[in-house]
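Reader: Before we discuss the ligand and the strands, could you show me the sequence and the structure?

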Amino acid sequence: MAIVKKKAAPKKSNTIKLKFDTEWTYAPAPESRSAASIKPRYELFINGEWQKPQGRKYFATINPATEEKLSEVAEANEADVSKAVEAARKAYDKTWKKMPARERAKYIFRIARMIQEKARELAIIETLDGGKPIRESRDFDVPTAANHFFYYAGWADKLEYAFPNRRVSSLGVAGQIIPWNFPLLMAAWKIAPALATGNTVVLKSAETTPLTALKLAEIIQEADLPPGVVNIISGAGATGAAIVNHPDINKIAFTGSTDVGKLIQRAIAGSHKKATLELGGKAANIIFEDAPIDQAVEGVINGIYFNQGHVCCAGSRLYVQESVAKEVIRKLKDRLETLIVGDPMDKNTDIGAINSKQQLETIHKYLSIGKKEGAEMYESSCPLPRKGYFCRPTLFTNVAQSNRIAQEEIFGPVLSVLTFRTDDEVIEKANNSPYGLSAGVWTDKGSKIFNMTRRMRAGVIWANTFNKFDPTSPFGGYKESGFGREGGLHGLLPYIELG
Ligand code: NDP
């Protein structure tokens, strides 16, 4: 980083303006693609082998930052899903269920170590396929995915201590459907606890981001996991529906939209299938007047702009106490200007590409809804790359509680700012949402943190921080954010029966 004299330079996204006629210019620091190997075509990973899809159909996966095709992946149809479920059932009955738990743990541990060994490659592929900044893939997605495997490897032979005086049995075959916002991490959240509890798996990756799940399949193959214990297939919504409806699936684990979550619940109603649904969110992030303001502003920025706002627990509704609202909004706007938007492979980038054209359209739709509703829109003045799907970090002020931008999940870098005067008022407003996944509270007083969090209906509440994840800690929602918990000891429960 160099400090240079300001000289009518064209406005660049990697330039941060400072007072006194100086600006800090970040030289580009692109990660090299060379450490990643992406095949031109991927088949389905069924029964420990790469199998061609029976419908012989493939679809392209593209880099949303450049719109270039990265690879093509197989589309699994119903027959492929059946094959994968059969393989998982056979592996469950013949191998995995019977294997001593300490042996199962060794496999899970081995997968964790191999994710660490291939961390750089996985991070590059995650960024190329999904558009998230390489810093986030490298420092968050990949290490947290490895940590989930490490953590659950530890539980595999200690289930009797997790649930003392109970008989713990596995369920059978788990059907798992993951979204596009944290592809590798979501695969780890789903596969690790399922294996640790003795279940086998059929997992479907998301249509726009299949590559790291397929890389995980390569790792699983290299780790010599018995064939059929984990099957990873790619496809669109119809493939997910085929998993949900397959009669030989014992448990569904789904992360995605509330709409699809509702479809799944209807589809499995009355069946023997257990389910965990981790759905949308519209988290309230609350700043009280006694909060450390600069720290809170930084937390709000991280809370909403992390991963381009494609985060189910994103702090997308900001409630600021009226007495500090002006100061907070000014500081937020200043900070917005310093966020670097652009090439996700550049290590300086704060905000990468929107995951897909379709998601960019959804975000744009909400930007016009917000303006039409009478809210005031402020977006960073940064230029956007000419190619690829990009969106400036944006915030809305003068937002009413009833506005759609305060009620609905936008899933993009868009913050709605509302104000409040009293504790009761903000509790009422924060809880007035169909969702209840996460929330944040910023205050100097410990007692206030306890009082507020006790009254808030959200699965995870962060105090004086946001977006902190740890495999030991459970995650999941209330209301339309779904049910069941993933992570921690609680994350074992959805995969077992207790006698
Ligand atoms: P979806 O809920 O459609 O996608 C999640 C996963 O479910 C994907 O693997 C998807 O496949 C699959 N799927 C789609 N339809 C079905 C079905 N009928 N039965 C079983 N599985 C199905 O989310 P979208 O990608 O369409 O995103 C739409 C909105 O959902 C976003 O704007 C955001 O608001 C929210 N969302 C929330 C997430 C969260 O973490 N809570 C994650 C992703 C999205 P495919 O990828 O092929 O469509």
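**Contacts and pairing**

Author: In this predicted model, a backbone N or O atom of Ile178 lies 2.8 Å from an oxygen atom of the ligand.

Reader: What makes the approach of Ile178 to an oxygen atom of the ligand a polar contact?

Author: A polar contact is a pair of N or O atoms within 3.5 Å, and because the backbone atom of Ile178 is N or O and lies 2.8 Å from a ligand oxygen, the pair qualifies. A polar side-chain atom of Glu409 lies 2.7 Å from an oxygen atom of the ligand, and the protein buries 84% of the 850 Å² that the ligand exposes when taken alone.

Reader: How do you know that the side chain of Asn181 also makes a polar contact with the ligand?

Author: An N or O atom in the side chain of Asn181 is 3.4 Å from an oxygen atom of the ligand, which is within the 3.5 Å limit, and therefore this pair counts as well.

Reader: Which residues come nearest to the ligand, and what kinds of residue make up the shell?

Author: Of the 26 residues around the ligand, those that come nearest are Ile178, Trp180, Ser257, Leu279 and Glu409. By kind, the shell divides into 13 nonpolar, ten polar and three charged residues. At least two shell residues come from each of α8 (237-245), β13 (251-255) and α9 (258-268), and α8 supplies the largest share, with three residues. The space that the ligand takes is the largest pocket.

Reader: Why are β7 and β8 said to pair?

Author: Two strands pair if at least two bridges are found between them, and because strand β7 (residues 58-63) and strand β8 (residues 68-74) share six bridges, in the antiparallel sense, they meet that condition. Within this pairing, Ile62 stands opposite Lys69 in β8. The two strands form a hairpin with four residues between them, and Glu67 in the turn has a positive phi of about 65°.

Reader: What makes β4 and β7 the edge strands of their sheet?

Author: The sheet is open, with three strands in the order β4-β8-β7 and mixed pairing. Both β4 (41-42) and β7 pair on one side only, and these are the edge strands.

Note on methods:
Residues numbered from 1 in each chain as written. Predicted model: local features only at pLDDT ≥ 70, side-chain atom pairs only at ≥ 80, totals over all residues. Heavy atoms only, no water. Near = heavy atom within 4 Å. Polar contact = N/O pair within 3.5 Å; in protein donor to acceptor, adjacent residues only side chain to side chain. Areas by Shrake-Rupley, 256 points an atom, 1.4 Å probe, with all protein chains shown as cover. 1 Å grid on protein atoms, 1.4 Å probe; cavity = no way out; pocket = protein on both sides within 12 Å on 5 of 7 lines; lining within 4 Å. Sits in = over half its atoms within 2 Å of the grid points. Nonpolar A, V, L, I, M, F, W, Y, C, P; charged D, E, K, R; others polar.
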